[in-house]
Amino acid sequence: MKKLISVLLCGSMVLSLAGCSKNEEETRKTKKTKKTTEDTEETEAPSDTTEESDTSSEETESTESETSAPANVFKAEESLEMIGMDYPSQYWDYTPVFDKDTETTSYMFLSIDQLYLEDGTPYDKLETSLERDFAPLIAQTEDQFKKESEVFLNNAKSGHYTDGNKVELSTAIFRSDSQIFSVAVTAAPGMQEGEFRTYNYRTEDGSTITIDDVILDRGALNALLEQYFAMPGADDDYKTWLTSIENSVIDGTLPFTLAYDGINIPVFNSGMINYDVYKIPVIGHEDIFNMEYFGKTPKYYTLYDDPNRCITWDVNGDGQMDTIKAESEYSQGTGEYGNDEIILKLEYNDFKLDSKSAGMKIYSNGLMYSMIMKTDDGFYLYCRMNAIDSFEDTYVFKIDGDKLTYVDVFMDFMGSRAMINPEAFEMFDPCDTLGTDFFTNEFSVIGNHGMPKKNYPLWTSDAGPVTAKIDIPCSKVSDIDFSKEGDVTIPAGSFVRPYLYDTDTKRLIVHIVDPDPEKSFLAELDFGSEDYVMTVNGKDVEDVFYSIMFWG
């Protein structure tokens, strides 16, 4: 879980973002706590990922129902510790230009996920392995950004302004505990959409975990994959995907990450923008897997559903496996006013619940996936559903003895499909500041009855810059503790981007982006937000900045 000091360090990090400075490499090599208030996943926009996830899961759902727990009882123990890296920190860079003729701001954007353990963790060998494996990827990503930025700037200088591009190295962490660190690269220069490069390590000594360490019977694993994914009438692309997965099992190249109760493999890629995964469960299939890699967990943890929409785990503490299944059903013309509706259907062992009978109002378009979290007061079930206009709703249920009890619904985006720690995970929301952009914070469900609460008052954004139309009097802000350091003026023509925002007090800290990092700084604007009108120094933001864009 992040410490408060990570919030304070964030300011000093952002000042190195305005160009490829000479001290950039030295800064990056320094151990850091995860970045401020916070970030995801990731990285990619969940609105794209989630629709793909829902469709692919429905297409590949096995005809074999799993409504009861397997006979082979699986015992888990909470003996592990989290190691202080629940999701990646990020490094950003921007190469902006302004077109006076069209009054538009364009920019190249660099985003690099960084896998740094917090200071004080006793896992130097793991960090050495991460440096060895990821340094070449970081160098490749930076080189690609530099090359594309040069072309972008040269085009602008010759009067041919173009839209900028995003160059990224994105990762998702699937386990980060004292036994295993498991991570996947989900986007990098040269990678195809939906590609999934995986890295699995033993935390204590940083050694690599191979497919032969985890899979005892490759043929039996392929038979299990056929059971899950065989789909009558599938098109050639799907058949090719399934064959490629099975071939990768046989030749030992299967890209997989490790969960506490299974392995994750990439989904069928049918033009998706981002990645998603299927979890192949080990419970009930213990003859296929080396079980020493599964079952041990930290005190708090998260488990996802499998391709049959099931989660199998001992959640009521009786030593026997329980099965939880969540599905959504489209029902035509059965709503209160004869409208179509979505019904959420849940099974927990012999207990059944559907949203219509329970009087729940479901405004979503279908289930994407479900997960459970072990928290300070037991287990909660989270049903993630597609909502209108690509938003997301999460319906929360308490696993209460032998039944499920509805708690509430929340509508923030989650930063990653690989959310692992109920104490520290990212969610993000669109906020209106200098236009509409996504802002991210770290959340926890501990001590809040399964509902997310933000860990920090300030949300952070990687939004690109707009251009100042006029000189802007404001307050310079410390990059250590974000306190005001005196008056300063942002000159007209400066590139300014929203960086930190308190959604309660409306405090807005911006990053002034300059090609010379020495001229970059943080400032607090006299920002106002009332009745959907955003102001700076009492003026409408559109009178203060070029390139302001609001959604909707």
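**Exercise 1. Helix 4 and its sheet**

Across which strands does helix 4 (residues 124-157) lie, and at about what angle does helix 4 run to strand 2?

*Solution.* The model is a predicted one, in which local features need pLDDT of at least 70 and side-chain atom pairs count only at pLDDT 80 or more, while totals for chains, interfaces and linings use all residues. Residues are numbered from 1 along each chain as its sequence is written, and side-chain values use heavy atoms, with hydrogens and water left out.

Step 1. Begin with the elements: helices (H or I, at least four residues) and strands (E, at least two) are DSSP runs, numbered from the N terminus. Two strands pair if DSSP finds at least two bridges between them.

Step 2. Identify the sheet. An open sheet is formed by 5 strands in the order 1-2-3-4-5, with mixed pairing. Its edge strands are strand 1 (89-99) and strand 5 (197-202), each of which pairs on one side only. Neighbouring strands of this sheet are turned by 20° against each other on average, direction ignored.

Step 3. Place the helix. Helix 4 lies across strand 1, strand 2 (104-114), strand 3, strand 4 and strand 5, and runs at about 170° to strand 2. Contact here means heavy atoms within 4.5 Å. Axes are lines fitted to C-alpha atoms, for helices over the stretch in contact, and angles run from 0 to 180 degrees between N-to-C directions.

**Exercise 2. From strand 3 to the second sheet**

Determine how strand 3 is joined to strand 4, and follow Phe174 to the sheet that contains Leu258.

*Solution.* Step 1. Strand 3 and strand 4 (residues 180-187) run antiparallel and are joined by 6 bridges. Within strand 4, Ser182 is the bridge partner of Arg175.

Step 2. Phe174 also belongs to strand 3. Phe174 counts as buried because its relative accessibility is 7%; buried means under 20% relative accessible area, exposed over 50%, and partly exposed in between (1.4 Å probe, protein chains only).

Step 3. Phe174 and Leu258 are 84 residues apart along the chain, yet their C-alpha atoms are separated by 6.5 Å.

Step 4. Leu258 stands opposite Ile263 in strand 7. Strand 6 and strand 7 (residues 262-266) run antiparallel and are joined by 2 bridges. The open sheet here has 3 strands in the order 6-7-8, with antiparallel pairing. Strand 6 (257-258) and strand 8 each have a single partner strand, so one side of each is left without a neighbour in the sheet.

Step 5. Helix 6 (residues 218-229) lies across strand 7 and strand 8, at about 120° to strand 8.

**Exercise 3. Enclosed and open space**

Describe the largest cavity and the second largest pocket by volume and lining.

*Solution.* Step 1. Fix the terms. On a 1 Å grid over the protein atoms alone, a cavity is a set of points where a 1.4 Å probe fits but cannot get out, and a pocket is an open set with protein on both sides within 12 Å along at least five of seven lines; lining residues have an atom within 4 Å of a point. Grid points are joined across faces, edges and corners, and a volume is the space filled by probe spheres set on the points.

Step 2. The volume of the largest cavity is about 200 Å³. Of its 21 lining residues, Asn264, Val277, Lys279, Tyr304 and Arg417 lie nearest the centre. Strand 3 (166-176), strand 8 (277-281) and strand 9 (301-304) each supply at least two residues of this lining.

Step 3. The second largest pocket holds about 310 Å³ of space. It is lined by 14 residues, and the closest to its centre are Glu336, Glu341, Met360, Lys361 and Ile362.

**Exercise 4. Positive phi outside glycine**

Locate Asn349, Lys506 and Asn537, and state the phi of each.

*Solution.* Step 1. The hairpin of strand 12 and strand 13 has 2 residues between the strands, and there Asn349 takes a positive phi near 55°.

Step 2. Lys506, in the loop between strand 26 (495-502) and strand 27 (508-513), has a positive phi of about 70° although it is not a glycine. With a relative accessible area of 29%, Lys506 is partly exposed.

Step 3. Asn537 lies in the loop between strand 30 (533-536) and strand 31 (539-540). Asn537, also not a glycine, has a positive phi of about 55° and is partly exposed at 33% relative accessibility.
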